[in-house]
Amino acid sequence: MWSEPPRDGSLSAEVASWTRRTRFELVHRLPLRFPTHHPQGMAFADGKIFLSTVEVHERPAPIGGSDDPARRTPGRGRGHVLVIGPDGTLAADLVVGDGDAYHPSGIDYAGGPLWVPVGEYRANSRSLVYTLDPHTLELTERFEVDDHLTWLAPDLDAGALYGAGWGSRRFYRWTLAGGATARDCEAWDNPSWHLDAQEGQYDGSGRIICAGISELPDAHGGTYELGGVSTVHFDERRITADVPVPLFSAAGHSVFRNPFVLTREGGEVLLHVAPDDGEDVHGTEILTYRVTNPPRPTPPQGALKAITAPEHQRPATA
């Protein structure tokens, strides 16, 4: 159930085949019976589930009435990485962060250590980057970044570390020196405004699967969470797929509100998500969906006949 993703590009290809007719069948529900706060990222490693989450003591407040996410107070809180057994029991609660940097974000594992960004709870701020040994649970602070990092995903084969700023409005790629120290940062702006991706998963050959939401106003003065998945080709600096997914949790959140892991088991694609907070109606649950694509409709015979211009509109021949 909690197997690690294959990282061979096959899941990116799977996402690229999704449409609004793709089916998501709930096949497993794992309730977490301990404080989970506001989950942010999830990864599977060493037979365990790792869930990053932020415990907010004082929410950041806008400065001067601004709606700019960079212009707000730092707030107060505490960051955690929860280590969870396959049966949903809590094995360890690791505290991460320092001072105003208390907000852990999307995490990923592709062999070696997990990478855990912990930022200030506001855009254009700063983040501390940690590695976490999934076997010993040793946390090591590695470097600092002058931005709020929304997720990190390692590519050990290429010696690279991928990431994104607030809402994935800006993408980053660092070269890893010695497997754990980053240098030579490249950055480029996200060309798509469809989603603010909250989490990223490495899928091989410079491809990242991203998922997230956009909070959009509805016609009645409320808010609608548009959720979905994208695939990003970092080497080509482009979005290669961008699919909305109208799937919601018991608390009414898009299932892509924050943590996700996409895996493949026995030929089936499984989507694992944890969209709800510990204080929500049923608390935090890890929901697992089986993903299937219905057959694509075949155009009626003759529907694709060539269109021929009337004779009087055809160009004259020499």
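This report walks through some strands, loops and single residues of the structure above, which is a predicted model.

## A four-stranded sheet

Let's start with a sheet. Strands E6, E7, E8 and E9 line up in the order E6-E7-E8-E9, with antiparallel pairing, and the sheet they form is open. Its edges are strand E6 (101-104) and strand E9 (139-145). Each of these has just a single partner strand, so one side of E6 and one side of E9 go without a neighbour in the sheet. On average, neighbouring strands here are turned by 35° against each other, if you ignore direction.

Now look at the pair E7 and E8. Strand E7 covers residues 114-120 and strand E8 covers residues 127-132; they run antiparallel and are joined by six bridges. To find your place in this pair, pick out Pro117, which sits opposite Val129 in E8.

## Strands E18, E19 and E20

Strand E19 (residues 268-273) is a handy one to follow, with pairings to E18 and to E20. Is E19 mostly enclosed or left open? Five of its six residues are buried, so the rest of the structure largely encloses this strand.

Strand E18 (residues 260-265) pairs with E19 through six bridges, in the antiparallel sense. Two of the facing pairs are easy to spot: Leu262 has Leu271 as its bridge partner in E19, and Phe260 has Val273. The hairpin of E18 and E19 has two residues between the strands, and in it Gly266 takes a positive phi near 55°.

Next comes strand E20 (residues 285-292), which pairs with E19 over five bridges, again in the antiparallel sense. Val273 turns up here too, with Leu287 as its bridge partner in E20. So far, then, Val273 has been named as a partner of Phe260 and of Leu287.

## The hairpin of E14 and E15

Strand E14 (residues 196-202) is another well-covered strand. Six of its seven residues are buried, so E14 is largely enclosed by the rest of the structure.

E14 pairs with strand E15 (residues 207-217) in the antiparallel sense, over six bridges. Glu199, for one, has Ala211 as its bridge partner in E15. This hairpin has four residues between its strands, and Gly204 there takes a positive phi near 95°.

## Two residues with an unexpected phi

Most residues other than glycine have a negative phi. With that in mind, have a look at His37 and Ser168. His37 has a phi near 60°, a positive value in a residue that is not glycine. You'll find His37 in the loop between strand E1 (23-31) and strand E2 (38-45). At 15% relative accessibility, His37 counts as buried, because the cut-off for buried is under 20%.

Ser168 also isn't a glycine, and its phi is positive at about 60°. This serine is in the loop between strand E11 (160-164) and strand E12 (170-177). With a relative accessibility of 0%, Ser168 counts as buried.

## The cysteines

How many disulfides does a search of the whole structure find? The count is zero. Take Cys185: it is in no disulfide, and the nearest cysteine sulfur, that of Cys210, is 16 Å away. Seen from Cys210, the closest cysteine sulfur is the one in Cys185, and 16 Å is too far for a bond, given that a disulfide needs the sulfur atoms within 2.5 Å.

The two cysteines also sit in unlike surroundings. Cys185 counts as partly exposed, at 44% relative accessibility, whereas Cys210 counts as buried, at 3%.

## A surface patch and a buried leucine

On the outside, Leu216, Tyr224 and Phe248 make a nonpolar surface patch of about 250 Å². Tyr224 belongs to strand E16 (residues 223-233). Its relative accessibility is 35%, so Tyr224 counts as partly exposed.

Leu149 is a contrast: it is buried, with a relative accessible area of 0%. You can find Leu149 in the loop between E9 and strand E10 (151-155). Val245 is 96 residues from Leu149 along the chain, and the C-alpha atoms of the two are separated by 24 Å.

Definitions and conventions:
Residues are numbered from 1 along each chain as its sequence is written. This is a predicted model: local features need pLDDT of at least 70, side-chain atom pairs count only at pLDDT 80 or more; totals for chains, interfaces and linings use all residues. Side-chain values use heavy atoms; hydrogens and water are left out. Patches are made of residues with over 30% relative accessible area and no salt bridge: like charges are joined within 9 Å, nonpolar side chains (Val, Leu, Ile, Met, Phe, Trp, Tyr) within 5 Å. Accessible areas come from the Shrake-Rupley method with a 1.4 Å probe; for residues, only the protein chains shown count as cover. A salt bridge is a side-chain nitrogen of Lys or Arg within 4 Å of a carboxyl oxygen of Asp or Glu. Buried means under 20% relative accessible area, exposed over 50%, partly exposed in between (1.4 Å probe, protein chains only). Two strands pair if DSSP finds at least two bridges between them. Axes are lines fitted to C-alpha atoms, for helices over the stretch in contact, and angles run from 0 to 180 degrees between N-to-C directions.
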